[in-house]
Every structure is written in structure tokens, then in C-alpha cells.
Amino acid sequence: MLGLKYLKNVSTLKLEENRCNGCGMCAVVCPHNVFAIEDKKAVIKDIDLCMECGACELNCPTEAIAVKSGVGCAAAVISSAVKGAGGSCDCGYDSDDSKASGCC
Amino acid sequence: MLYVKNLLKVKILDTKDEKKETEKSCSDSSLCCGPQSREELAPPCCAPLPVDNEIEITPVSPVLNFNDHLGVVKARLNIGRMNYKLAPGLYAVGTPGSDSPVLVSANYKMSFDYLRRELKNINAWLLVLDTKGINVWCDAGKGTFGTDEIIRQIKNTNLDKIVNHRKLIVPQLGAPGVAAHLVKKAAGFKVIYGPVRAADLPAFLQSGMKAAEEMRKVRFNIYDRLILLPVELLIALKYVIFTSAVFFLLAGLNKTGYSFGFTLTSGSKSVIFLLTAFFSGTVIAPLLLPFIPGRAFALKGFFAGLAAFFLIFQYFSGFSSSGIINIISWVLIISSVSSFFTMNFTGASTYTSLSGVKKEMRIAVPLQIIGFAVGSILWMIARFLY
Ligand code: SF4
Ligand code: SF4
């Protein structure tokens, strides 16, 4: 992505190579192409591209990946600092409006 | 109102134990889904439930009508975005059969509309999850577009009786909420991650569900940023109007008391400068994102604010005729306000991480507060000096 890279060395992404079975799921789900599969093992190509979405961790069948996932959104950080916890992003209007639950 | 032209009846392939929940369907629709039935909801809220041995499926058209387009505009402008949803369940595009692909979508109507628009000439099932009307990308991060909801909808719609294959195409951006191997284990369906952009879906389906590497990457080009601006702008606007009003009224203060003449002259200038800061932070910096130095959004916003200050100040006030304190005050105010608003654009961007945002905020927020506070105090002092 042309010149668009975020801060260096901040991502919490960790890969435990000896748990990896090379299934390639992490490379499939990652929206920023962080992983490559080399010699049947996942490798992190460029950790600074990681946006900590958590897709790789959740979809790794062998739990070889760990990342502290969250939404990189200043408004969410502010509202969680103000309200205590559970801040939501601008895109998420507080979704606790409990409508629709148990419908039908 | 929107989709339901007529209801298709689809035979269940394999009729076995259909009993359980089928009776308490939608007859008392006042209770069921009461608070949810906004006009955007497709009426047969409970359509996905099986009735006897037949399942009612709502056919949808791949062509967006005027109302759909209007809805998109409204959502982009932040009008009633919260209620912009449709009923979860199974929908049919074209005339799908038992071997047609199943595409999973959020019940945020805009995501759904983009999806079906790309499906001209394609027969497919759409499995719409109950994501409280939020889009896939926002949702997956929060978990409503997730493993459990997919499993629930597979069961609710009796999907295994409708199709003879065991594959689900889930948008790749839903992956942060969906554990493919767990869906497989619990419901027997294999999750295949489709392309990031709905527009690539036909190509993806044609190539036997293989996504080229380009289809897997999130972009954030100038157009992507442009369509995000209105919402960001409107969210920020109310703060700006309030601050502008305060500055406008205070601008009348001076050492002889209060002068309405100053309110008009100096006050209007103040409003112009504040709007400049606002515009620089919410429009200029986000649009020029790749071309502004620095990686932190707050820093980019700071630079944009500084540049905007130099462009606008000479024109409206003039450096030579303004006192140094007045000049410094506006440098501080414009750059800190611009920095703050650009920092907030991190939420709309597609590549910022939480750790990164926290790191930049630890440094930027105190500086923005100090910059704005000191700037405002200097501005006030300048009132009484000249
Ligand atoms: S998903 Fe996990 S097991 Fe599969 S390649 Fe990636 S790290 Fe290895
Ligand atoms: S957290 Fe998201 S962006 Fe980071 S490596 Fe995993 S899938 Fe890619």
C-alpha cells in the first residue's frame, strides 16, 4: 500500500513456529498479507503491516498464533477511557441496544 | 416492502425431524420482533423458519432500486445508520438449486446491497446473519458476525436440507470473528473465505472459489477514504460549531470592555481559523494521507494543520499586522485541533492497529490538550493587549 504503513514494532502478533502445521489458513484470512507459507511453515513477512484484527489467531487450528486483537480506533480508545470499558468505534454505534435479541 | 415480490416455496430435500420450533412462527408478529420492525426490515421477519415441509425463502433482486440508493446515501451521511438492517435468514438470488453456492452476509443493509448487486446472472443463496445491522468489517471485530451466529443460522434455516454441498462462502473481512475450523466441527460446513471486495465475487466463483492474492488484500485508496469523509465530518461538526460559537462571542472582549465590532471582525476570523483547523484535520489530512510525512495520524494532522495555518493566516489576518502572541496562539490552536481530528480518522482507516493507536495517543493527546489550552489562553491574552 503506497506509503501507508503504520507505526513500527507495535503489533503484538506472535507466531510459535513449532506448533504450526502449515495449513495456510493465516495467510488466507490476513487482510494485509502479513504471512507467507515457506517450507510448509508460516512465516511473518512484515509485522508492521499487521492491524491486530485477530483473524489469524482465531482461524489457526493449532493455536500457533497469538495477537492482542482490537480495533485501531482513537475514538474507541477515548470512549473506553471515559466510560471505563467497552469503548466502541465510530462505526459501531453502541451495539448494546438489545433489540433483536431472542427475536423469533 | 423492499425485496419480497412473492415468496418462493422450496422443497426440503430431506424431510426428517421437522417439529420443534416450527409452530411458534410469526403468527403473533406483534410480539415477535416488535422493537425491530422498522421500515428497513423486510416484512416477513420470521420467514427463515420452516413451515411444515417447506421453507419460505425471500427472493431478492440483484438490481438496486431508488430506495436502496437513497438508503446508502443516508447511511453515508450518518442518518439513521443504526436502524439500517434487514431480517436475518436465508435469501435467494436468481433461482438457486441444491448445488448453488451459499454466501454469508451481515444484516447491515448496505453490505447486503453491495453483495447482491454483484450477483447479476448468478444463482446463489444468501445466508444473512443477525449482526444487529452493523457491517461485516465492524462486526467481526466485535464478535456478532461470528462463529456462533453462523452456526445458529445454519440450524435455523435448515441449510443442510436445502443444499447438498457443505460449503459456506464467508467474506474474508468477517474472519476476525469466525473460526473456520469450529464452524466445521459444530455444523459440518466448511468455511471458504471469499474475496475482500464483493465486486470480485463472480470471478471468485468462476475460478472454483480461488481468490487471487490481490482479492485478499484490503486497500485504502483515495476513493475509499473519500466515501468515509462525510460520516467523520458530521461526527466532528458539532464540536466545531460549539467551539466556534464560544470563540466568536469571546472575541468581543477587550481592555475597554465588550465590543460588538470586535465580535464581528475578530470573531469571524476566529471562526474561519477554527473551520480551517477542522477542515484540515477531517478532510485534507485523510485525503492526502500517503503524502504527508510521518506514520502517526496525529503527526500527519499536525503537519496538515501547520500548512493550512500558513496558507490561510496571511490571507485573513496578515503576519505583519498581527501581534506575535496572536500568531502563536493560532499556530497552537489550528495544529492541535487538526492533529486531534486526523487522529480520529484511525477508526475509519483499514490499517491501524490498537497497539499503534494507543501508542500514538499516549504522546499526542497530552500535546493536543496543552497546545489547545495554551493557544486559547494566549488568544485571550491577545484580546487585552491591543
Ligand atoms: S493457520 Fe496456524 S497452523 Fe495454519 S499455517 Fe498459519 S500458523 Fe500454521
Ligand atoms: S492480526 Fe490480522 S492483520 Fe495481523 S497478522 Fe493476523 S490476520 Fe493479519
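For the shell counts I take Ala, Val, Leu, Ile, Met, Phe, Trp, Tyr, Cys and Pro as nonpolar, Asp, Glu, Lys and Arg as charged, and the others, Gly among them, as polar. The model I am reading is predicted.

**Entry 1, ligand 2**

I looked up which residues are around ligand 2. From chain A I noted the cysteines A:Cys30, A:Cys50, A:Cys53 and A:Cys56. I also listed A:Leu13, A:Pro31, A:Val34, A:Phe35, A:Met51 and A:Ala55, together with A:Glu52 and A:Gly54. How does this shell divide by class? I get 10 nonpolar residues, one polar and one charged. Because Glu counts as charged and Gly as polar, I assign the charged place to A:Glu52 and the polar one to A:Gly54. I then checked the cavities, and the space taken by ligand 2 is the largest cavity.

**Entry 2, ligand 1**

I turned to ligand 1 and found 15 residues surrounding it. The closest are A:Cys20, A:Asn21, A:Cys23, A:Cys26 and A:Cys60. By class I have 11 nonpolar and four polar residues in this shell, with no charged ones. Which cavity holds ligand 1? I find it in the second largest cavity.

**Entry 3, helix α8 of chain B**

I moved to chain B and took helix α8, residues 222-250, against helix α11, residues 324-344. I read that their axes come within 11 Å and cross at roughly 160°. The cut-off for roughly antiparallel is over 145 degrees, so I enter α8(B) and α11(B) as roughly antiparallel to each other. I note their crossing as right-handed.

Next I took α8(B) against helix α12 of chain B, residues 354-385. I have an angle of about 20° for this packing, and the axes are 11 Å apart. Angles under 35 degrees count as roughly parallel, and I therefore enter α8(B) and α12(B) as roughly parallel to each other. I note that α8(B) passes α12(B) in a right-handed crossing.

**Entry 4, helices α10 and α11 of chain B**

I last looked up helix α10 of chain B, residues 297-316, against α11(B). I find their axes coming within 7 Å and crossing at roughly 140°. That makes α10(B) oblique to α11(B). I record this crossing, too, as right-handed.

Methods: Residues numbered from 1 in each chain as written. Chains lettered and ligands numbered in written order. Predicted model: local features only at pLDDT ≥ 70, side-chain atom pairs only at ≥ 80, totals over all residues. Heavy atoms only, no water. Near = heavy atom within 4 Å. 1 Å grid on protein atoms, 1.4 Å probe; cavity = no way out; pocket = protein on both sides within 12 Å on 5 of 7 lines; lining within 4 Å. Sits in = over half its atoms within 2 Å of the grid points. Axes fitted to C-alpha atoms, helices over the stretch in contact; angles between N-to-C directions. Helix = DSSP H or I, 4+ residues; strand = E, 2+ residues; numbered from the N terminus. Parallel < 35°, antiparallel > 145°, perpendicular 65-115°, else oblique. Left-handed = near helix turned anticlockwise from the far one by under 90°.
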